[in-house]
Amino acid sequence: MKDLKSKIEQYRKEFEEAVSEVRDSAALQKLRNLYLSRKKGYVAGLMDQLKTLPNEAKRDAGQLINTFKDHIQAELQKLQDTFQKQKKYVKAVDLTLPGTKCYWGAPHPLRVFQEKMEDIFLRMGFSIEDGPEIETDYYNFEALNFPPHHPARDDWDTLYINDDLLLRTHTSPVQIRVMEKKKPPIRIIIPGKVFRKETPDPTHAPMFFQMEGLVVDLGITFADLKGTLDFFLKAMFHNKIKIRFRPSFFPFTEPSAEVDISCTVCNGKKDDCRVCGGTGWVEILGAGMVDPQVLKNVNIDPEKYSGFAFGMGIDRTAMFEYQIPDMRLFYENDLRFIREFSRK
Amino acid sequence: MKISVNWLKNYIELDLSTSELIDSMESIGLMVESWEEKDDDLIVDLETYANRPDTLGHLGIARELSVKLDLPLKEQSWPISEIGIETSDLIDIHISDENLCPRYTGIIVKDIQIGPSPDWLRRRIKAIGLNPINNVVDVSNYVLFSTAQPIHTFDLAKLEGGEIIVREAFKGERLISLEGNDISLTPEMLVIADKKKPVALAGIIGGEETAVSDSTTDIFIESACFDPVSIRKTAKKIGVQTDASYRFERGADISFLPQAAMMTASLLAQFGGKTTKSLVDVFPNPKNEKSVVLRHHRIKELLGLDIEEEFITRTIAMLGFSIDQQQQKIWQIKVPSFRIDIEREADIIEEIARFYGYDKIPLTLPPLKELEPGMDQERVRINELRQMMLHSGYDEVVNFSFNDPAKEMVLKSGKVPIPIRNPISTVTSLLRTTLIGGLLENVAWNINRGADRVHIFEVGKTYFSQGDNTHEEQTLAFVTTGFVGFEHWQKKRKKADFFHLKGTCEALMSQLGYESFSFKTKEVGFFEEEQALLLHLKGEKVGCLGMIKREILDAYSIKRTVWAAELNLSNLFQKQHQTFHFSPIGRFPSVSRDVSFIVDQDVRYQDIKQTVEKLSIPFLESFYLQDRFMGSPVPKGKVSLSFRFIFRHPGKTLLAEEADSYQTQIINALKTGFHFLLREEE
């Protein structure tokens with residue numbers, strides 16, 4: 001017992017000396033091993049010695065060893081804390097180095113723009129519909145009040161598969177398909193791919209995207225059409241744009257209108273504005289009240305129900321919004337162009 | 001169509017500034033595409049509408065403006081000097097089919113001096129961008145661009161037999177046109193013929209032989225109308241569009257024919273000619289004027305705005321419509337023959353709205369009475385899928401739906417492509433059967449422009465035919481080549497490989513709720529041998545992925561290796577996906593066991609995975625391949641695989657012995673199934 005006591009005293013002395021000389025973590029670890037290593041440390045040795053003592057002495061001796069062990073642990077911890085504190089100041093990293101960048105894919109601008117348009121109409125309670133891209137002459141033309149061989153078809157230059165099948169020239173055939181299936185109230189938009197026999201140039205492409213809208217119900221008026229498009233266009237572009245409705249002609253609407261918005265590029269102040277040509281207006285939409293013949297074609301009574309329809313080019317409108325000068329950029333898929341829209 | 005404002009002043013007293021005039025025109029739908037001031041005149045180029053042939057002349061435009069500006073139309077008179085001969089004494093008119101030619105009028109001007117037109121006429125002709133030719137041609141053009149009624153003039157002396165026959169061509173007949181083209185006529189083409197031969201293609205173009213020349217003295221003036229469909233078909237067939245055919249295709253004013261003939265005769269009389277008495281007028285079946293009923297309440301119902309009765313009555317009258325009867329806010333309206341577009345009440349309401357002003361219609365919103373889901377499941381899923389692709393670092397592209405037959409041959413999608421009958425070019429003459437072709441074009445384009453990475457995807461339709469039917473399939477495809485992610489100082493940049501692509505496939509499938517997918521090795525048209533997998537779900541193929549064949553890459557001039565995947569979304573979305581359920585998180589600690597095996601190199605991971613799954617070990621929460629290693633110290637032809645198995649019991653802490661026994665079960669199964677050797681047994 002006495003032996004043990006003096007041994008502890010000796011260790012303690014040695015420890016105090018050793019601790020005062022520790023300057024770094026490695027030395028600290030060495031010291032820790034010397035005293036606390038589970039198999040060969042001094043404390044372990046003391047514990048072995050404890051086992052040889054008579055039982056009545058074990059309790060006091062054990063207490064002595066534990067106190068000693070606690071003391072060592074506390075001292076070592078203190079030292080370690082000091083080192084850690086110092087470390088922060090000594091080994092600071094250059095925090096101005098660039099962070100790890102996450103590579104997110106960029107959505108195609110036409111999709112971005114289409115979704116933006118869809119969102120506004122979804123908020124107004126519209127549903128999204130679509131239909132086949134290979135259409136019959138009936139749905140693409142006849143049901144929409146284009147008689148066979150009518151010159152009105154010239155404005156819709158068509159790519160044909162055969163005498164009856166064609167690539168839809170507008171999303172309007174989906175109006176017919178939906179009205180055949182569903183009775184009013186109908187409140188839909190139809191975004192989709194359409195085709196024309198056009199050679200690509202800065203403002204034309206043989207394939208592009210359109211969005212059509214259709215509302216049919218009891219008591220739908222031209223004023224409702226104006227209100228709906230007014231809300232949409234202001235949400236889409238700017239609350240302060242001016243909107244102009246002027247008479248036009250489409251076989252499937254009567255009365256028909258074309259809708260212009262004030263040029264947001266020059267605000268009507270530049271005579272040679274590339275976007276509005278100095279007129280101050282940019283044509284955005286075609287619209288009108290659903291022609292009574294179109295309603296009859298789908299067995300909806302035009303005396304009871306009325307409706308409005310509108311359509312716009314997604315490409316053209318996106319070109320206006322983002323000031324993209326050439327429509328072909330959308331279909332070249334140059335990633336430098338697409339990647340610009342990673343923030344959209 | 002070019003309109004001269006000075007010319008308009010023949011019909012209407014205009015005193016407006018340029019911008020006032022343009023605003024007035026546009027407010028009623030006469031869209032000004034451009035305008036220019038020239039020779040003290042203002043020339044505006046107007047957009048035309050297929051349903052408004054009456055506005056294809058200055059008179060029609062003046063009529064529109066007169067209503068808008070509330071100004072009267074000036075009366076025109078066309079004096080003539082007659083001789084004592086009846087027109088019918090000199091010429092006989094026969095119409096073979098009154099459906100194809102409902103009315104034909106004609107008159108003769110004799111003793112005319114062919115020569116240059118007077119200044120006023122030359123000015124008019126030049127103003128609308130045409131070249132003056134001689135007094136006769138200029139007069140016909142003047143009448144056409146004044147009244148929209150096409151006029152044709154023949155040299156009377158060259159019409160054989162004193163006869164005009166409007167008939168369909170006989171097989172084998174030919175006509176040399178005014179422009180010198182030799183046209184081979186077919187029986188459905190309507191011609192004007194004399195006793196012996198066709199002298200004009202009715203309503204489209206005249207013949208050279210009977211054309212007015214410097215030596216002409218007597219002229220037969222034709223003012224007729226023809227079936228629009230017949231004119232359009234013939235004009236399309238011979239590939240000609242003239243100012244006349246453009247108007248006849250849209251419809252002529254059948255009542256106006258005699259006036260147009262008289263106007264022409266009167267103008268020609270100014271050049272010394274004398275007109276035969278009473279024009280010939282063959283009009284087998286005159287029709288009554290169209291009658292349309294307009295109800296006042298329908299205006300409010302369609303426009304959402306009350307318009308005063310007085311405005312309606314006045315507008316109708318100014319448009320040249322006559323009111324037959326008016327009682328209790330109902331108008332019975334007779335429509336003049338020049339307005340072929342007006343047939344129904346809605347058409348009249350448009351006229352009222354147009355002149356009242358679209359800008360005066362208020363803004364309201366259609367009441368929402370029913371709510372619908374907004375979009376169908378397919379659209380929802382496509383949107384989700386696009387977001388997943390973007391998050392996986394793929395950029396989105398949109399390609400044309402066309403393909404080049406040469407490329408289609410190389411791609412060998414295994415589907416029958418649909419040809420376009422009238423494509424814009426050969427390289428766009430098919431509809432694409434796969435999205436991969438377009439994506440490879442994009443890869444080539446971007447590599448050529450210095451891209452060191454191309455990871456792109458497209459969602460869109462592919463098309464194919466099967467028997468007589470055409471099909472459209474919603475498809476997703478993506479390709480990957482080059483570096484992954486950005487360059488960064490902390491880590492080395494990885495390059496895309498097969499597993500980069502496959503990882504995206506796996507992530508998509510599990511995110512979409514199709515956990516039970518599997519891959520099968522199989523040769524696929526697009527891909528190199530042994531470098532392709534089919535993606536299967538519930539026993540059906542839903543996609544494929546692999547390394548694009550060298551010969552395909554060569555066709556697109558791509559030198560790099562490209563991996564691609566294509567998924568048939570139409571098929572995929574038909575499969576029931578697992579709906580999401582919340583499962584409680586484990587409250588007790590898990591026990592994990594790492595096991596390394598040495599196994600033959602050709603043992604497939606998917607088989608190992610299925611063997612373990614088949615054991616249905618109750619508390620095996622998950623397991624995965626941690627490491628795969630070949631080469632020393634692993635013997636040749638073998639591979640070392642290290643798995644981690646994680647066990648967890650939902651209701652208690654698993655004992656080490658329990659985990660041990662599951663581990664043994666797994667090891668035994670793999671040993672018997674694949675001759676696995678534990679690393680430590682080696």
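User: How many salt bridges does the rule find across the interface of chain A and chain B?

Analyst: Happy to start there: the rule finds twelve across that interface. Keep in mind that this is a predicted model.

User: Why is the meeting of A:K182 and B:E372 called a salt bridge?

Analyst: The cut-off is a Lys or Arg side-chain nitrogen within 4 Å of a carboxyl oxygen of Asp or Glu. The side chains of A:K182 and B:E372 come to 3.1 Å, N to O, so the pair qualifies as a salt bridge.

User: Which helix gives the most to the side of chain A that touches chain B?

Analyst: That is helix α8 of chain A, residues 222–236, with seven residues. By class, this side of chain A has 47 nonpolar, 22 polar and 29 charged residues.

User: How many residues of each chain are in contact?

Analyst: 98 residues of chain A touch 85 residues of chain B. Between them the two chains bury about 7,800 Å², with 56% of that on carbon and sulfur atoms. On the chain A side, A:Y103, A:P247 and A:L335 supply 9% of the area buried against chain B, more than any other three residues. There are also 46 residue pairs in polar contact between the chains, counting pairs with both residues at pLDDT 80 or more.

User: Let's look inside chain B. Where do domain 1 and domain 3 lie in its domain assignment?

Analyst: The assignment places domain 1 at 2–69 and domain 3 at 290–360. Their centres, taken over C-alpha atoms, are separated by 23 Å. Eleven residues from domain 1 of chain B and nine from domain 3 of chain B take part in the contact.

User: What area is buried between domain 1 and domain 3 of chain B?

Analyst: It is about 980 Å², and carbon and sulfur atoms give 59% of it. Within domain 1 of chain B, the residues losing the most area to domain 3 are B:I28, B:R63 and B:V67, together 45% of what that side buries.

User: What makes B:D341 and B:R52 a salt bridge?

Analyst: Their side chains meet at 4.0 Å, N to O. The rule asks for within 4 Å, so the pair of B:D341 and B:R52 counts as a salt bridge. Across the interface of domain 1 and domain 3 of chain B, the rule finds three salt bridges. Helix α3 of chain B, residues 58–69, gives the largest share of the domain 1 side, five residues. That side divides into three nonpolar, three polar and five charged residues.

Definitions and conventions:
Residues are numbered from 1 along each chain as its sequence is written. Chains are lettered from A and ligands numbered from 1 in the order in which they are written. This is a predicted model: local features need pLDDT of at least 70, side-chain atom pairs count only at pLDDT 80 or more; totals for chains, interfaces and linings use all residues. Side-chain values use heavy atoms; hydrogens and water are left out. Contact means heavy atoms within 4.5 Å. Buried area is the accessible area (1.4 Å probe) that two parts lose on being put together, summed over both. A polar contact is a pair of N or O atoms within 3.5 Å; within protein, one must be able to donate a hydrogen and the other to accept it, and residues adjacent in sequence count only if both atoms are side-chain atoms. Helices (H or I, at least four residues) and strands (E, at least two) are DSSP runs, numbered from the N terminus. Ala, Val, Leu, Ile, Met, Phe, Trp, Tyr, Cys and Pro count as nonpolar, Asp, Glu, Lys and Arg as charged, and the others, Gly among them, as polar. Domain bounds come from an automatic or database domain assignment.
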